[in-house]
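Work through the exercises below with the model open. Each task is followed by its solution.

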Amino acid sequence: MTDVPALLAKLAPTAPVDFAAFGAVEEVKLSRIQTLAAGFLGRNWVTIPHVTHHDDVDVTHCEAMRAEWNARTPESKLTILSPLIRALVASLRAFPRFNASLKEGGDTLVLKKYFNIGVAVESPVGLLVPVVTGCDSKSLTEIAASIAALAAKARGKGLSMAEMSGSSISVSSLGHLGGTGFTPIINAPDVAILGVTAVREIACKAKDGGIAWRKMLPVSLSYDHRVINGADAARFVRHLAGELQSATLFD
Ligand code: CAO
């Protein structure tokens with residue numbers, strides 16, 4: 001049997017490096033938020049056995065409905081994030097193990113009956129994950145308004161610890177910047193995080209054998225392999241894909 005503490009003790013220590021010996025450098029202090037986040041991210045990366053499942057989700061219909069919505073109600077425009085959160089809530093209902101946390105000791109799973117979605121927000125002082133509460137009872141407009149209000153607070157340093165607590169699962173969207181996939185770090189005590197990158201048009205085979213251009217959203221689901229197995233992660237993402245094509249997503 002492997003003696004894990006003994007194994008860790010044998011790892012080479014990280015030696016201090018005098019970077020200035022190699023050329024000009026400048027030192028910049030990390031912000032308080034960055035220092036705190038570093039501790040949490042490092043802990044989560046080391047203590048949770050992460051696996052990331054990648055897939056492309058067809059959002060052609062969703063994007064058409066969103067374009068219609070935005071043309072109809074320009075005063076409350078939506079990005080893809082709000083319908084994505086609604087589809088995520090429906091997927092959590094179908095797969096309760098994704099809306100859970102492991103209790104200390106690691107032998108009991110707490111299944112949550114609430115649907116609070118953490119949303120990673122980039123701010124000048126670092127990454128913050130405020131939580132949009134009660135997403136199962138919020139309209140798309142209310143979800144979008146909550147994200148906007150929380151993001152504004154995060155960027156203005158006004159976010160409280162309470163507003164960053166109690167998530168079911170988290171979403172990290174880099175879609176406005178591009179990308180084809182990444183490996184988001186789970187926001188413990190959640191057991192999964194959904195990363196999304198930029199929607200892009202892909203030529204697919206149409207039913208008649210010709211070419212059909214489809215809008216695809218790349219999704220990257222990191223999950224805690226102690227709680228979720230790979231097959232369930234694949235099923236969860238396929239379910240999410242179905243929910244994003246639902247005719248009632250924008251009702
Ligand atoms: N594909 C293509 N375009 C997308 C997109 C996607 N998946 N997601 C958003 N966009 C577009 C929006 O439609 C919007 O377009 P318009 O300017 O034409 O209206 C534009 O990108 C900007 O969107 P946004 O970022 O303002 O809004 P959002 O609802 O997508 O996201 C928020 C809000 C707060 C989550 C986001 O601003 C943010 O801070 N993301 C950073 C998350 C992050 O850093 N994650 C990394 C964590 S790991 O280090």
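**Exercise 1.** Classify the packing of helix α4 against helix α6 by angle and by handedness.

*Solution.* The model is predicted.
Step 1: locate the pair. Helix α4 covers residues 81-94, and helix α6 covers residues 230-244.
Step 2: take the geometry. The axes lie 9 Å apart, at an angle of about 130°.
Step 3: apply the cut-offs. Roughly perpendicular ends at 115 degrees, and roughly antiparallel needs over 145. The two helices are therefore oblique to each other.
Step 4: assign the hand. The crossing of α4 past α6 is right-handed.

**Exercise 2.** Which residues make the contact between α4 and α6, and how do they divide by character?

*Solution.*
Step 1: list the α4 side. Pro83, Leu84, Ala87, Leu88, Ala90, Ser91, Leu92 and Ala94 take part.
Step 2: list the α6 side. Here the residues are Phe236, His239, Leu240, Glu243 and Leu244.
Step 3: sort them. Ten are nonpolar, two are polar and one is charged.

**Exercise 3.** Describe the chain as a whole: secondary structure, extent, burial, contact range and surface.

*Solution.*
Step 1: count the elements. The chain has six helices and eleven strands.
Step 2: box the C-alpha atoms. Along the principal axes, they fill roughly 60 × 45 × 40 Å.
Step 3: check burial. The chain has 251 residues, and 39% of them count as buried.
Step 4: check contact range. Take the contacts with a separation of 6 or more; 64% of these join residues 24 or more positions apart.
Step 5: finish with the surface. About 14300 Å² is exposed, with 59% of it supplied by carbon and sulfur atoms.

Definitions and conventions:
Residues numbered from 1 in each chain as written. Predicted model: local features only at pLDDT ≥ 70, side-chain atom pairs only at ≥ 80, totals over all residues. Heavy atoms only, no water. Axes fitted to C-alpha atoms, helices over the stretch in contact; angles between N-to-C directions. Helix = DSSP H or I, 4+ residues; strand = E, 2+ residues; numbered from the N terminus. Parallel < 35°, antiparallel > 145°, perpendicular 65-115°, else oblique. Left-handed = near helix turned anticlockwise from the far one by under 90°. Contact = heavy atoms within 4.5 Å. Nonpolar A, V, L, I, M, F, W, Y, C, P; charged D, E, K, R; others polar. Buried < 20%, exposed > 50% of the residue type's maximum accessible area, 1.4 Å probe, protein only. Areas by Shrake-Rupley, 256 points an atom, 1.4 Å probe, with all protein chains shown as cover.
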